[in-house]
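Got your viewer open and a hand on the mouse? Let's take a walk through this model, one selection at a time.

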Amino acid sequence: MKSPVALFVFRRPELTARVLAAIRLARPSLLLVVADGPRAPRPDDAAACVATRELIDQIDWPCEVRREFAAENMGCRRRIASGLAWVFDQVPEAIILEDDCVPDQTFFRFCDELLEKYRDDNRIAQISGSNNQNGRKRGSHSYFYSRYNNVWGWATWRRAFELYDVDIKKWPELRATSWLSHIVGKPAEVNYWTRVFDATHEGRVDTWDYQWIFSTWQHGMLSVVPNHNLVQNIGFGDDATHTASQDLFANSRLEPMPFPLDHPPAVAAEAGADRYTARFEFGESWLVRARKSLRARVLQPLMRRLRLALDIPVTHAYPAFSIELPPEHLLPGYQRMFPDYDRFLPHLATFFDAGDVVIDVGANCGDTLAGMCSANPALAFACIEPDAKFFAYLQRNARRIEAAFPNVSIHLVQSLVGDRPEAAALSGSGGTKTARWITGVSLPAGSDSGLHHTVRLDAIVAAHPGIAPARIRLLKSDVDGYDFDVLNSAGGLLDSERLLLFFECFADNDEQRAGFLHLFEQLDARGFRRFCFLDNYGAVHRREVFGVDAAHAVLGEVWAARGIGGGRGVDYLDVLAYRDADASLIQRVVSGYLPGYPPG
């Protein structure tokens, strides 16, 4: 074969060996290997990545091998996009395989011949190897043309990849036009791809291939698709990064391509094939839509009423475990409506070192614990929650997490945290509770009155020898309106030079507004002069604000605008406070959270 082959690998040596065996039979003279690095929170990744890379050292046919191995994990989006850029810096065209895509031997000749035939034809973006038509032949020729790019084994040219933009910067401009409706036609498909490109542009999906589709559509290009399936995806399973569940097209049977090739007489998209792809790969059949409608209109409301009546917990899943929430808890619904909701702290956790301590005040049922622990189980957690019902859920969920990660350190404390002398009653709904302060009430020891006295945070830490103050990396507080009181009770804990603060800034009355304004003055005096603000939907509201006056101004804007205008207004802010020493770290954190987010 004439064309160079680019192979993308990660941490699956068994699958990679099968792909390499197929490449060995084709015997390319140039092999370019791109590898992602191990994920820090996954201790088994390092050995798996090493075992995968060692396979490349066993190549035994005459072949030049060029390597582009990442030292740290870059993720699907950045690793494949940067890897493809590296490949096409090296060569003008290439056949591309990932570690779970096993090709038939005729795939290589098919790509070889068509890379040459369409080398200078700007109407063609790529040569696809897989055929996802489930045995349907489209026309009588060896291949057809499609507006969809299947990348389970494919080939392309530098001249096409130069049009690729991983950030799809043109999307906001094109979104405001009828461009997409001219491409896909049907309103349901327009809605589908609008959601996809919105999420991709905003960095909410860790992928690279939606951008490739966008780039080829933007430039009016088509893909060549064989009428025989030449590549089998064997990567569906529990250890997959993006294909953990089975798929309609998983493990499709290989069909050798007959030669010589019979070329179509004209370059035009095959309408029937594209309708099928839109329906089964990138859309839903009428039956699926009918089932979803029935579920949304009838079954889900009925199940919700039953859950509330019978107090049946809701299961909320994470990759390695699940937690239970009260039936009225709003977290699952919020995350469906707002994909960034409650996502920042798990992202932040990936930047912490093993053994760092996170104090979670207002731990609720353990959802923040679950998200951060799932992202980095090497951390230690101290979770503090006063409400008896929530604390019972927190205990059960902590046991679930410990079963999934036996080495994780979790300390649980049932207490109301603060610096106020009054007793408080807790009330609320929807999975949240707030304090209602009652002046002049004293509680005898062991009282079960349902009232709580506050305990200072520094006293709680001092009473629990398992919480090492020197290792506290993050103090998180979410107590609905009195987070300033929590931080006021932290005492000398705030003097730690490596401490980050993340607290909710919800103010519903003059006392709370005054408390937060004074808190920022106190933080500024202790060196916390930099602040990142997130809104109540999980999106970055201000990337970095410097100084107490600027922080007061941001709070004033939000408080003045609350309840005005309707729609997606900002009701409160979450605040990440940090010192100058952590400025570069937080810059990386926020940039990774929202790739391309403009400085605020």
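Start with helix 14, residues 367-375, which lies across strand 13 (357-361), strand 14 (380-384), strand 15 and strand 20 (472-477). Line the helix up with strand 14 and you'll see that the two run at about 170 degrees to each other. Keep in mind as you click around that this is a predicted model.

Is helix 14 mostly covered or mostly exposed? Mostly covered: nine of its nine residues are buried. Colour them if you like: D367, T368, L369, A370, G371, M372, C373, S374 and A375.

**Step back to the sheet**

Now bring up the strands under that helix. They belong to an open sheet of eight strands, in the order 15-14-13-20-21-24-22-23, with mixed pairing. At the edges sit strand 15 (409-413) and strand 23 (540-546), each of which pairs on one side only. Neighbouring strands here are turned by 15 degrees against each other on average, direction ignored.

Next, select residues 500-505 and 573-578, which are strand 21 and strand 24. How many bridges join strand 21 to strand 24? Five, and the two strands run antiparallel. To get your bearings in this ladder, click L501 and look for A577 opposite, in strand 24.

Add helix 20, residues 583-593, to the selection. Helix 20 packs on the sheet, touching strand 20, strand 21, strand 22 (530-535), strand 23 and strand 24. Compared with strand 23, its direction makes an angle of about 165 degrees.

While you're here, pick S477 in strand 20. S477 counts as buried because its relative accessibility is 2%, and the cut-off for buried is under 20%. Which residues is S477 in contact with, leaving aside neighbours within four places in sequence? Show V361, D483, V486, F502, F503 and E504.

**Over to the aromatics**

The structure holds 31 aromatic pairs, and we'll stop at two. Select Y148 and W217: their ring centres are 5.9 Å apart and their planes sit at 70 degrees, so this pair is edge-to-face. Y148 is in the loop between strand 7 (143-146) and strand 8 (154-157), while W217 is in helix 9 (residues 209-218), so the pair ties together parts that are 69 residues apart in sequence. Both Y148 and W217 are buried.

For the second stop, select W193 and Y210. Their ring centres are 6.0 Å apart with the planes at 90 degrees, so this pair is edge-to-face too. W193 sits in helix 8 (residues 187-201) and Y210 in helix 9, 17 residues apart. Is each of them buried or partly exposed? W193, at 0% relative accessibility, counts as buried, whereas Y210, at 22%, counts as partly exposed.

Now widen the selection to Y148, W171, W179, Y192, W193, F197, Y210, F214 and W217, which form one aromatic cluster. Both of the pairs you just looked at have their residues in this cluster.

**Charges over rings**

Jump to R109 and F259. The charged end of R109 sits over the F259 ring, 4.0 Å from its centre. Stay on F259 for a moment, as a cis peptide bond joins F259 and P260, with omega at about 0 degrees. P260 itself is in the loop between strand 10 (231-233) and helix 10 (271-280).

For another charge over a ring, go to R396, which lies over the face of Y393 at 4.4 Å from the ring centre.

**Two backbone oddities**

Select D342, in the loop between helix 12 (331-337) and helix 13 (344-349). Its phi is positive, about 65 degrees, although D342 is not a glycine. With a relative accessible area of 28%, D342 is partly exposed.

Then go to N364, in the loop between strand 13 and helix 14, which takes you back to the helix where the tour began. Phi of N364 is also positive, near 60 degrees, in a residue other than glycine. Is N364 buried or exposed? Buried, with a relative accessible area of 13%.

**Zoom out**

Finish with the whole chain in view. It has 20 helices and 24 strands, and of its 600 residues, 53% count as buried. Among contacts with a separation of 6 or more, residues 24 or more positions apart account for 75%. Switch on the surface last: the chain exposes about 26,600 Å², and carbon and sulfur atoms supply 52% of it.

Notes. Residues numbered from 1 in each chain as written. Predicted model: local features only at pLDDT ≥ 70, side-chain atom pairs only at ≥ 80, totals over all residues. Heavy atoms only, no water. Pairing = 2+ DSSP bridges. Helix = DSSP H or I, 4+ residues; strand = E, 2+ residues; numbered from the N terminus. Axes fitted to C-alpha atoms, helices over the stretch in contact; angles between N-to-C directions. Contact = heavy atoms within 4.5 Å. Buried < 20%, exposed > 50% of the residue type's maximum accessible area, 1.4 Å probe, protein only. Areas by Shrake-Rupley, 256 points an atom, 1.4 Å probe, with all protein chains shown as cover. Phe/Tyr/Trp six-rings, centres within 6.5 Å; stacked < 30°, edge-to-face > 60°. Lys NZ or Arg CZ within 6 Å of the ring centre and 35° of its normal.
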